[in-house]
Amino acid sequence: MPLSDEQKLEYELYQKEVERHDPSDLLQFSANYFNKRLEQQRQFMKNQEAFAMSKGITLFGKPSRSESVVAASSSLGGKGCGEKDVLFKSPFADQDPHSTHENENLSSERSSQSGSGVGLFKGDFKVGMEGSKRVKSPLDPHSGNSGDSRRRGNVNHQPLPLNFNAGRRTSVSGETFQPNNFDDWTPSHYSEKSEEQLKRLAKSIGRNFLFNKLDDDNKRLVINSLEEKSVKKGTEIIKQGDEGDYFYVVEEGTVNYLVDNKLVNSSGAGTSFGELALMYNSPRVATVVAATDCILWALDRITFRKILLGSSFKKRLMYDELLKSIPILQSLTTYDRAKLADALDTEFYEPGQVIVHEGDVGENFYLIEYGECEVSKKGQGVVAQLKSHDYFGEVALLNDLPRQATVTAKTKTKVATLGKSGFQRLLGPVVDVLKLNDPTRKGHDTK
Ligand SMILES: Nc1ncnc2c1ncn2[C@@H]1O[C@@H]2COP(=O)(O)O[C@H]2[C@H]1O
Ligand SMILES: Nc1ncnc2c1ncn2[C@@H]1O[C@@H]2COP(=O)(O)O[C@H]2[C@H]1O
């Protein structure tokens, strides 16, 4: 049976974390990882359930005895695990559902560090950032916003029973995102937007390609999970090096992006930012400052990961490992790589199929995900062999020439393709190296 999108995403996230950390004890690492994921997911469900209950809606029935047993045993998976190995630091450290049963010291240490309140997103987002100090964003939509605190007042912050949501597939939350379930369900930070807000959002969000990939129900869920925030010119919205908490969409105004205090970019209405730290569980790669007074919409990390990551950022997840493993692309930053991934497409070729014809106009650049290819030239025969993680098709694009050789798949081949405009726009940082390695240059035999 094919995996659901939710299962694929979960699997891809796990795989990436393993590749990123290359643990010496895979089983221990995996036990820690999934224990933390389970905690996060239970907490998420708990908040949803509490909110739904406050509206008189029952989301889940009582778990069966067998579910309780599964839960109890899974919760023990983390017992005795070294904190050093724990990848996903619970964003709800002070509300850790297992805190009364295990890791007492860890839990109290975390909450004393964070000093965070009970608000859903006030916890320390110590995600994969051992020992780093979270600098609380002055823009935290939950900081000092009286409307918000009233909305969240209904959330039950009692420790979770060990069997909470036990034994359910991790896609339970995915199931609740199914269209038919929407009538019964709202996430805890959900707030229906006014007509006036919806009109404005339709404009700003309508311009953002990320939201076009969502179906109507997920779009509605995201829209109602967004929190409006006005910021004055000069406000630091995100600080480079901090942990990720929110993803932002700009409704009005302009923001500047600074890397190591140097202005690298700016963007205006309809654009979004702050996704990288949330996607990769990594520190913020840039500082973002309001260049004018701005109206922003903030989406919390969990809704971002639950809904946007698997749809709008699917390509980034899909191509991330490939792009990281291609030597010529090593100099790209996380941001460059993410933008490149957005522009890629996939093509498959059978053995013997020609991918590029000598003499044709060049339209694409190719990265070989897997497979072997042969490069041949009229009158010369085979001049080069290509394998996984090699590239081809750059000569025509770099020099505005027809294709200088024919490239044929020798085995089943999967390539990622980048169109000409993307090549020029996104590969700027590697053009010099591509030119240096040009196989048609005098004195250059093969790549
Ligand atoms: N040129 C750039 N380099 C790095 N980050 C950028 C750039 N332009 C925009 N950004 C955004 O700045 C954000 C800072 O926080 P994140 O790292 O989460 O995600 C980053 C991107 O969304
Ligand atoms: N010796 C070679 N001569 C020409 N092209 C080569 C050679 N070796 C590899 N190639 C690749 O084959 C591709 C054919 O299309 P391009 O000319 O766009 O770019 C070319 C290179 O990427």
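Reader: How many residues surround ligand 1?
Author: Quick note before the count: this is a predicted model, where local features need pLDDT of at least 70, side-chain atom pairs count only at pLDDT 80 or more, and totals for chains, interfaces and linings use all residues. Side-chain values use heavy atoms, without hydrogens and water, residues are numbered from 1 along each chain as its sequence is written, and chains are lettered from A and ligands numbered from 1 in the order in which they are written. A residue joins the shell if one of its heavy atoms lies within 4 Å of the ligand. Gly 274, Glu 275, Ala 277, Arg 284 and Val 285 are the closest, and the full count is 14 residues.

Reader: Which residue has a side-chain N or O atom 2.6 Å from an oxygen atom of ligand 1?
Author: A polar contact here is a pair of N or O atoms within 3.5 Å; within protein, one must be able to donate a hydrogen and the other to accept it, and residues adjacent in sequence count only if both atoms are side-chain atoms. Backbone atoms join in too, with Val 285 at 2.8 Å and Leu 276 at 3.4 Å. The side chain you're after belongs to Glu 275.

Reader: Which element gives the largest share of the shell around ligand 1?
Author: Helices (H or I, at least four residues) and strands (E, at least two) are DSSP runs, numbered from the N terminus. Strand E5 (262-267) and helix H10 (275-280) each give two or more residues. The largest share, 3 residues, comes from H10.

Reader: Over at ligand 2, which residue puts a polar side-chain atom 2.7 Å from a ligand oxygen?
Author: Backbone atoms reach oxygen atoms of ligand 2 as well: Ala 396 at 2.9 Å and Val 395 at 3.3 Å. The side-chain partner is Arg 403.

Reader: And how much of ligand 2 does the protein bury?
Author: Accessible areas come from the Shrake-Rupley method with a 1.4 Å probe; for residues, only the protein chains shown count as cover. Taken alone, ligand 2 exposes 450 Å². Of that, the protein buries 97%.

Reader: Which element gives the most to the shell around ligand 2?
Author: Strand E12 (373-377), strand E13 (381-386) and helix H14 (394-399) each supply at least two residues. With 3 residues, the top contributor is H14.

Reader: How many disulfides does a search of the whole structure find?
Author: The test is a pair of cysteine sulfur atoms within 2.5 Å. Run over the whole structure, the search gives 0.
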